[in-house]
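Here are a few short exercises to work through with the structure open beside you. Try each task before reading its solution.

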Amino acid sequence: MIELKDVSFNYGKKLAVKNLNLKIEKGEFISIIGHNGSGKSTLGRLLNALLIPSEGDVFVDEMNTKDFNNVLEIRKRVGEVFQNPDDQAVATIVEEDIAFGPENLRLPSEEIKRRVDAALKAVGMEEYRKHAPHLLSGGQKQRIAIAGILAMEPDYIVLDESTAMLDPQGRKDVLEIAHRLNEEGKTIILITHNMEETIKSDRIIVMNDGEKIMEGPPREIFQREEDLFQAGLVLPVIVGLSHALKRAGVSLTGDVLTAEELVKAI
C-alpha cells in the first residue's frame, strides 16, 4: 500500500500540494485527474521519492520516502512513465534501453535477458527489439518506456500524462496495456487531464490547486458535473450526453458510463 499522511510540497514559494491524505491499495487502478497546475504530476513524483514532502510523510509498503536508505527499494517498487517517452530513452537499441534499469541493479545476464523478453512481450513489441527507439512512432516509444519500467518488476506503475502526446490509436494501445497489467496484478496510478481515460478506474482522485477535492468511483464522481466544471474539467462525452438527455426529459435507467450502457438505458 502507498499512504500519504498530511503531505504538502512547495517549489520555492509555490505550494503545489496541500495537506494531502491518500491511500492506494495494491491491485487498484487509480486515476488522478485535474487541470494543468492542479498538483497531480507533483503528487505522482512524491509516490516514488523523486520528490520528498516539504511536510508530512509518504509511505510505500511502510517505507518512508524521507529515509534515504529506503529510496532504492521504493523506486524498484514504484515505476513511473512520463509524458514524453524520449525523456526516458537512454540507449540506441530497444532491447538495450529496456535492459538499462536491470543492469543498474547488477542483476545476472540471464535474469536481465528474461526481464527484457518478458517486458517486450507484455507491451507487444518483441519484433522491434533491435530497432532504434528514435525511429519508432510516439505510441511505440511509449510502449518501450513502459517496458523499461516493467523490466524493473515494480508493484506500482505511475503513468504521468503518458498518453498526452499520442494520437488516438496510440492512446488506446497504452490504456489497453495499462488495464491488462492491472488485471495481472499491477497497481496502476494514471495521471491525466482526459476524463475519457478514467472511466474504467476503480477510483478517481480529483485535484485542484494542490488539494484533493473529490475522491470516489467514476459513477459517483461523474454525477458532480458542476463541481467538475468549477475545477476546469469536462465530463466524458457519453456521460455528458446522458446528463443532457436527462435534462431534456428523456427517462434513463441508472447512471451511464459507456455507449453500450447508454443504448441499454434508452
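Two strands count as paired if DSSP finds at least two bridges between them. Keep in mind throughout that this is a predicted model.

**Exercise 1. Find which residue of S10 stands opposite Ile205, and describe how S9 and S10 pair.**

Step 1. Start with the residue itself: Ile205 stands opposite Glu215 in S10.

Step 2. Now widen the view to the strands. S9 (residues 203–208) and S10 (residues 211–216) run antiparallel to each other, with five bridges between them. Another pair to look up is Val206, whose bridge partner in S10 is Met214.

Step 3. Look at the connection. The two strands make a hairpin with two residues between them, and Asp209 in the turn has a positive phi of about 50°.

**Exercise 2. Place S9 and S10 in their sheet, and work out which strands stand at its edges.**

Step 1. Write down the strand order: the open sheet has six strands, S6-S7-S8-S3-S9-S10, and its pairing is mixed.

Step 2. Read off the ends. S6 (78–81) and S10 each have a single partner strand, so each has one side without a neighbour in the sheet.

Step 3. Add the twist, which averages 20° from one strand to the next.

Step 4. Finish with the helices that pack on this sheet. H5 touches S6 and S7 (156–160), and the direction of H5 makes about 170° with that of S6. H6 (residues 168–183) touches S3, S7 and S8 (187–192), and its direction makes about 150° with that of S8.

**Exercise 3. Describe the other open sheet, the one with four strands.**

Step 1. The order here is S2-S1-S4-S5, and the pairing is antiparallel.

Step 2. The edges are S2 (14–24) and S5 (63–64): each has a single partner strand, so one side of each lacks a neighbour in the sheet.

Step 3. Zoom in on one pair. S1 (residues 2–11) and S2 are antiparallel over seven bridges, and Leu4 has Leu22 in S2 as its bridge partner.

**Exercise 4. How does H3 pack against H4, and how against H5?**

Step 1. Two packed helices are described by the angle between their axes and the distance between the axes.

Step 2. For H3 (residues 94–104) and H4 (residues 109–122), the angle is about 125° and the axes are 9 Å apart. The two helices are therefore oblique to each other, and their crossing is right-handed.

Step 3. List the contact: H3 contributes Val94, Glu95, Ile98, Ala99, Pro102 and Glu103, while H4 contributes Ile112, Arg115, Val116, Ala119 and Leu120. By class, that gives eight nonpolar, no polar and three charged residues.

Step 4. Repeat for H3 and H5 (residues 138–150), where the angle is about 35° and the axes are 7 Å apart. This crossing, too, is right-handed.

Step 5. Here Val94, Asp97 and Ile98 of H3 meet Ile144, Ala147 and Gly148 of H5. The classes are four nonpolar, one polar and one charged.

**Exercise 5. Which residue forms a salt bridge with Arg203, and where do the two partners sit?**

Step 1. Side chains of opposite charge can pair when their charged atoms come close.

Step 2. The partner is Glu28, with the closest N and O atoms 2.7 Å apart; the cut-off for a salt bridge is 4 Å.

Step 3. Locate both ends: Arg203 lies in S9 and Glu28 in the loop between S2 and S3 (29–33), 175 residues apart, so the pair links distant parts of the chain.

Step 4. For context, a search of the whole structure finds 28 salt bridges.

Methods:
Residues numbered from 1 in each chain as written. Predicted model: local features only at pLDDT ≥ 70, side-chain atom pairs only at ≥ 80, totals over all residues. Heavy atoms only, no water. Axes fitted to C-alpha atoms, helices over the stretch in contact; angles between N-to-C directions. Parallel < 35°, antiparallel > 145°, perpendicular 65-115°, else oblique. Left-handed = near helix turned anticlockwise from the far one by under 90°. Contact = heavy atoms within 4.5 Å. Nonpolar A, V, L, I, M, F, W, Y, C, P; charged D, E, K, R; others polar. Salt bridge = Lys/Arg side-chain N within 4 Å of Asp/Glu carboxyl O.
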